[in-house]
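User: Could you walk me through some of the contacts in this structure, one question at a time?

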Amino acid sequence: MAIDFKQKSASFVENKDRSAWHDTALWFVRNKRDIGVMGVEYWEQLRLQASNIKTHCLSNLDKYLVEFEENALKNGAIVHWAKDGDEHNKIVGEILNKHKVTKIVKSKSMLTEECELNPYLEKNGIEVIDTDLGERIIQLRNEPPSHIVLPAIHIKKEEVSELFHEKWDTERGNNDPQYLTYQARLSLRKDFLTSDAALTGVNFAVAETGEIVVCTNEGNADMGVNITPVQIHSMGLEKLIPKRSHLGVFTRMLARSATGQAITVYTSHFKKPKPKGEMHIIIVDNGRSERLKKEGFWTSLKCIRCGACMNTCPIYRRSGGHSYGYTIPGPIGAILTPNINLEKYSDLPFASTLCGSCSDVCPVKIDIHNQLYKWRQVIGRNNVLPKTKTIAMGMAGKMLEKPGIFKFAFKMGRIALKILPDFIVYNRWNNWGKGRKMPEIKKK
Amino acid sequence: MNSKDKILENIRISTLKRQVDLEDILSSQNLTVEENSLILLDKFKNSLAGVSAEYRFFSDFSEAKDIINNFFSGYKQCVNMIKDIAISGIKLDELSSPKALHPLDLAIIKGEFGVAENGAIWVDAGKLPDRAIPFLCENLVVMIDSNELVTDMHQAYQRTDTSDYSYGVFITGPSKTADIEQTLVVGAQGPKRMLVLCKGYD
């Protein structure tokens, strides 16, 4: 079933207070990003270097992946390759079975969301605890994340309070974020102490040294990995960078772009397994090598998952992450998803004003708004446009071919806007009129 | 064909077409803005304050001990990795698993150097008798030499290039979250307080 963005966002948009609250919360984060970025001299040069490093790496990805594996093996890690999500989940399952693990702690990993790892493990009798606070909240609510950095940005503290009361019997009506965070800390501490394995995502993997880098604020990744005997790191193959010195560029940009922090609280470099421990790295393709082939679109693989494009996007801020129907929402999600399923996600590249703000804030200079525009053309050529768009566009196309008709229609439009009552524009047959307002016509 | 070969073969279809010279990228502009040591220390202190880390300067180890005892009075379980500071901690070689460290009130560890632009401190955590120590503790003390500062992350990675660590972490303040309505809460899963003990004079 194709995602209908308008339909999915309707309930979110209808609640005007909530939509405005969400908009304000994300704009607040966008502002913090601006302050963080302005504190860095040469920010634009940093962006250029980051983008160039990624261009180079993706253009030699086969060599760097082999180099990474060689060095990781030398370090004593065990490296696995997974062509898709199913194979990834199977590998994780086998590692856990081998060690008779019945409970696992996870830190944030959008890749495992993409692979739907949690339901797979639960089906196989393994308890999974997401340990990032935002992720834990949405896990308890049985919901997907609505943002890649701030997974619970759509939820109000009153709802968190109610949820914790129901699950953990915390004080009813205590909505203080400090109190709620502390309650989650107590609960998660028990989970850390009763788990036998830990899984993390990967922010960067260094070919030169075979180490992987994980960035968190809560300390949950380090806690899980260091407290349990088995550590698993799942990485998309685009997380690779050639050299250690390149980390200097990316660690300066990631947190500043994401939340405005100069760096995350923990930037952890996992190189060798702990004494008597086991370290697994799973390199996952799941469509990425196909995406690499697409001229005009492959640069989307540069993404370092900072979420800046979401925080700045006027459509994302007012519609909420769940309207996109995919793990990675917002502008970057809208250019990643058509690679996965053109028909299913054909609506997403249209969920944009093409204002270009996403491209302006992107730390690795992905031309997101251009790619949104290009996807629209691909979608049109492949005849998977939503019907409401094809009829209107067909008519508009005919009109634009003939200047005489266009001039006439334009004149009629000016007159019509003045004299026609609102219900002609804003009715249930005119999709365009939903959520839009006609301009006032000025006298010439 | 196994998955590795399949993936690499599919990647080669693209990479054979595109070539970008790494030398161009590596010889690109040095983006470090050099500062003198006084300004570095000032920036470092500002950065620490900005990440909710507390800091104190000390000249000898008995002073360091007093500072710690004043800061964290009433702690029970403690791990002390700095021999010169006369605070007795638990014996780590008797632990069966890192889980036995819990509950840990206080941990005192060594930091290798600090980063002025963001307040990060490099900790060679692979050298600790247990890697969980800096994360499991409720309160963390990291001791560094105030002469050991670098300007930014570019210099920080140059500096760590020569050390063969098995597990290293930049720690920048106590653990934090803002996952509930963007309200900053200090003390998420890791330490609730962090004291940076700087050897030297303010």
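Here are some questions and answers on side chains, salt bridges and aromatic pairs.

User: Happy to start with the basics: what kind of model is this?

Analyst: Residues are numbered from 1 along each chain as its sequence is written, chains are lettered from A and ligands numbered from 1 in the order in which they are written, and side-chain values use heavy atoms, with hydrogens and water left out. Local features need pLDDT of at least 70, side-chain atom pairs count only at pLDDT 80 or more, and totals for chains, interfaces and linings use all residues, since this is a predicted model.

User: Is B:Ser175 buried or exposed?

Analyst: B:Ser175 sits in the chain B loop between β8 (167–171) and β9 (176–177); strands here are DSSP runs of E of at least two residues, helices are runs of H or I of at least four, and both are numbered from the N terminus. Buried means under 20% relative accessible area, exposed over 50%, and partly exposed in between, with a 1.4 Å probe and protein chains only. Because its relative accessibility is 0%, B:Ser175 counts as buried.

User: Which backbone nitrogen lies 2.8 Å from a polar atom of the B:Ser175 side chain?

Analyst: Contact means heavy atoms within 4.5 Å, and, not counting residues up to four places away in sequence, B:Ser175 touches residues including A:Asn217, A:Tyr266 and B:Gly187. For a polar contact, we look for a pair of N or O atoms within 3.5 Å; within protein, one must be able to donate a hydrogen and the other to accept it, and residues adjacent in sequence count only if both atoms are side-chain atoms. The backbone nitrogen at 2.8 Å from the serine side chain belongs to B:Ala188.

User: How far is the backbone oxygen of A:Gly333 from a polar atom of the A:Thr337 side chain?

Analyst: A:Thr337 is part of helix α16 (residues 330–340) of chain A. It counts as buried because its relative accessibility is 0%. Not counting residues up to four places away in sequence, A:Thr337 touches A:Tyr326, A:Tyr345 and A:Leu348. From the backbone oxygen of A:Gly333 to a polar atom of the A:Thr337 side chain, the distance is 2.7 Å.

User: What is the angle between the planes of A:Tyr326 and A:Tyr345?

Analyst: Rings of Phe, Tyr and Trp (its six-membered ring) pair if their centres lie within 6.5 Å; planes under 30 degrees apart count as stacked, over 60 as edge-to-face and the rest as tilted. That rule gives 15 aromatic pairs over all chains. A:Tyr326 and A:Tyr345 form an edge-to-face pair, 5.7 Å centre to centre, and the angle between the planes is 75 degrees.

User: Why does that pair tie together parts of chain A, and how many residues apart are they?

Analyst: A:Tyr326 is buried at 15% relative accessible area, and A:Tyr345 counts as buried at 4% relative accessibility. A:Tyr326 lies in the loop between α15 (314–319) and α16 of chain A and A:Tyr345 in the loop between α16 and α17 (357–361), so the pair ties together parts whose separation in sequence is 19 residues.

User: Which chain A residue forms a salt bridge with B:Glu138?

Analyst: A salt bridge is a side-chain nitrogen of Lys or Arg within 4 Å of a carboxyl oxygen of Asp or Glu, and the count comes to 32 over all chains. B:Glu138 is in the loop between α5 (133–136) and β6 (139–145) of chain B, and its partner is in helix α10 (residues 177–193) of chain A, so the pair joins two chains. The closest N and O atoms are 3.1 Å apart, and the partner is A:Arg185.

User: Is A:Lys271 buried or exposed?

Analyst: The side chains of A:Lys271 and B:Asp164 meet in a salt bridge at 3.4 Å, N to O. This pair crosses between chains, from the loop between α6 (153–160) and β8 of chain B to the loop between β9 (266–270) and β10 (278–284) of chain A. B:Asp164 is exposed, with a relative accessible area of 58%. With a relative accessible area of 9%, A:Lys271 is buried.

User: How many residues apart are A:Glu238 and A:Arg305?

Analyst: A:Glu238 and A:Arg305 form a salt bridge, with the closest N and O atoms 3.6 Å apart. The pair links distant parts of chain A, and the two residues are separated in sequence by 67 residues.
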